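The following exchange examines why certain terms are applied to a protein structure. Each answer sets a value against the criterion behind the term.

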Amino acid sequence: MVTAQRTVLAGLFSALMFTPSTGLAVLACSDIFKDPLDAALVSIADQLHSNWLMSTYGLIGKDSAKAHELELMADLQKTLKRSGLKGRSIELEGEVESAVEILPGGLHPLSKLADSLSGRGIRVAVAPQLWARDTLGGYDTAIKVLFVDKETIVGRKTSAIMAHELRHAYTHARADMSDGLYERLFSTILVGFKTPRGNLPGSISEYNQFFSLDEILAHRQSAALLLRTLRRNPSDKEARDQLRAHGERFKEFVESGLETLALLRHEIESLAFKHNVVEITEGGMVRIEVEIAKPGIIRRFFRADQQDPNVVGLTARLLFSRDEVPPSRTSRSLRPLLIDRIDAIATELEAIHPVALKFFENTKSMRTVTEKRLFAIEENLREFAQTTTQRRKGLQER
Ligand SMILES: [Zn+2]
């Protein structure tokens with residue numbers, strides 16, 4: 001049992017990488033740590049957080065804050081070592097400045113995960129200051145670092161968050177591959193800062209200003225893990241609430257995505273857009289940022305309750321492999337490519353829309369968790385996985 005559990009995390013990524021459809025099967029939870037690390041880790045997280053706060057508000061100097069942070073990172077390294085995890089302090093640019101990187105090598109599941117991800121240039125890191133800032137876990141695509149969430153360490157099991165973030169890492173890695181068109185479609189980022197109330201059309205939740213369509217795939221992964229949690233403990237209120245939130249988001253991502261794409265398509269068709277082509281050195285991909293800015297006209301596409309005279313525009317960031325992009329990069333010569341891409345993304349969203357609706361219906365009014373309900377949700381997630389697998393295959397064979 002222990003041996004099987006030890007390979008779970010590394011196995012999850014490999015399974016996702018090579019046989020995406022089996023992702024659900026390997027999402028078993030595992031006891032990661034032999035000793036409870038709660039107190040030590042929580043204390044380090046709190047100290048890192050207050051150190052950061054004191055420095056931010058000028059109560060201590062930058063140099064002494066930095067020195068203290070490094071001391072705390074050394075403590076963290078020792079604490080992790082007690083559980084058989086080798087790590088080293090690293091400096092980062094982004095959300096946090098320092099973290100302990102989990103090094104490949106050793107039998108620990110997180111070490112194995114680090115090992116399996118290192119081949120893709122992805123690092124696994126622990127940065128407890130994030131937890132203290134309510135960032136539960138994350139994958140930073142710019143620096144390719146997967147931040148382990150507290151639950152995975154303190155709770156000594158693979159959390160839904162970890163599964164979710166692994167899926168982000170997987171999609172990001174796949175999107176750079178020549179046969180990764182499916183993941184490229186889902187790497188589209190929609191931004192609605194300049195729309196009525198600063199949101200995206202059809203959007204209601206906290207994700208209303210921008211999101212990557214990749215969230216749809218990542219949410220399926222975490223939903224599958226939450227379902228497992230509920231299977232084991234049907235009275236787990238937190239898991240139930242989170243699953244309901246997943247149902248709402250699924251529907252919202254798909255519907256808001258479709259509304260936003262329709263709008264973009266309309267404006268691209270009439271050449272009413274600005275664009276920016278960004279060559280991404282690593283991976284050989286090209287990102288095209290499309291901005292539509294046309295006051296008043298696009299207003300009519302918004303629902304009545306979202307109309308606002310201040311509509312200015314929307315931004316979409318689309319990912320292409322270099323050979324897909326024509327040499328001439330004027331609006332006119334890019335138009336067919338952009339229209340094709342938007343249609344392709346919309347087709348994928350349409351394909352999962354029915355199952356997103358079913359999943360929403362089955363999770364929304366879930367007061368008591370019955371066996372029948374769990375079965376229905378499991379069916380939805382299975383259908384979702386099957387649909388994405390078939391669609392991906394279809395695109396690869398094209
Ligand atoms: Zn996410």
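Two strands count as paired if DSSP finds at least two bridges between them. The model discussed here is predicted.

Q: What makes the five strands β7-β6-β10-β9-β8 an open sheet, and which strands lie at its edges?
A: The strands follow one another in the order β7-β6-β10-β9-β8, with antiparallel pairing, and form an open sheet. Its edge strands are β7 (210-212) and β8, each of which pairs on one side only. Neighbouring strands are turned by 15° against each other on average, direction ignored.

Q: How do you know that β8 and β9 are paired?
A: Pairing requires at least two bridges. Strand β8 (residues 273-280) and strand β9 (residues 285-293) are joined by eight bridges in the antiparallel sense, so the criterion is met. One of the bridge partners is E289 in β9, which stands opposite N276. The two strands form a hairpin with four residues between them, and G283 in the turn has a positive phi of about 90°.

Q: How do you know that β6 and β7 are paired?
A: Three bridges connect strand β6 (residues 189-191) with β7 in the antiparallel sense, and the requirement is at least two, so the strands count as paired. V191 stands opposite F210 in β7.

Q: What is the strand order of the sheet that contains β1, and which strands are its edges?
A: The order is β1-β2-β3-β5-β4, an open sheet of five strands with mixed pairing. The edge strands β1 (87-91) and β4 (138-140) each pair on one side only. The twist averages 35° from one strand to the next.

Q: Which bridges support the pairing of β1 with β2 and of β4 with β5?
A: β1 and β2 run antiparallel and are joined by five bridges; G87 has I102 in β2 as its bridge partner. β4 and strand β5 (residues 145-147) pair over three bridges, also in the antiparallel sense, with F147 in β5 as the bridge partner of G138. Because at least two bridges suffice, both pairs qualify. In the hairpin of β1 and β2, which has six residues between the strands, G94 takes a positive phi near 150°.

Q: Which strands does helix α4 lie across?
A: Helix α4 (residues 62-81) lies across β1, β2 (98-102) and β3 (123-126), and runs at about 20° to β2. Helix α8 (residues 160-175) packs on the sheet as well, touching β4 and β5, and its direction makes about 20° with that of β4.

Q: Why are α11 and α12 called roughly antiparallel?
A: Helix α11 (residues 237-269) and helix α12 (residues 331-364) pack at an angle of about 155°, with their axes 8 Å apart. Angles over 145 degrees count as roughly antiparallel, and α11 and α12 are therefore described in this way. Their crossing is left-handed. The residues of this contact comprise 18 nonpolar, five polar and seven charged.

Q: Why does the term roughly antiparallel also apply to α8 and α10?
A: The angle between α8 and helix α10 (residues 214-232) is about 150°, and their axes are 8 Å apart. The limit is 145 degrees, and the two helices are therefore roughly antiparallel to each other. The crossing of α8 and α10 is right-handed. Residues in the contact include A160, H164 and R167 of α8 and D214, L217 and L225 of α10. By class, the contact has seven nonpolar, five polar and two charged residues.

Q: Why is K144 called partly exposed?
A: A residue is buried with 20 or more other C-beta atoms within 10 Å and exposed with 12 or fewer. K144 has 16, and is therefore partly exposed. K144 lies in the loop between β4 and β5 and has a positive phi of about 50° although it is not a glycine.

Q: What makes L271 exposed?
A: L271 has 11 other C-beta atoms within 10 Å, and the limit for an exposed residue is 12 or fewer, so L271 is exposed. L271 is found in the loop between α11 and β8. Its phi is near 55°, a positive value in a residue other than glycine.

Q: What percentage of the residues of the protein count as buried?
A: Of the 398 residues, 43% count as buried. The secondary structure of the protein comes to 13 helices and 10 strands.

Technical notes:
Residues are numbered from 1 along each chain as its sequence is written. This is a predicted model: local features need pLDDT of at least 70, side-chain atom pairs count only at pLDDT 80 or more; totals for chains, interfaces and linings use all residues. Axes are lines fitted to C-alpha atoms, for helices over the stretch in contact, and angles run from 0 to 180 degrees between N-to-C directions. Angles under 35 degrees count as roughly parallel, over 145 as roughly antiparallel, 65 to 115 as roughly perpendicular and the rest as oblique. A crossing is left-handed if the near helix is turned anticlockwise from the far one by less than a right angle, and right-handed if clockwise. Ala, Val, Leu, Ile, Met, Phe, Trp, Tyr, Cys and Pro count as nonpolar, Asp, Glu, Lys and Arg as charged, and the others, Gly among them, as polar. Two residues are in contact if their C-beta atoms, placed from the backbone, lie within 7 Å.
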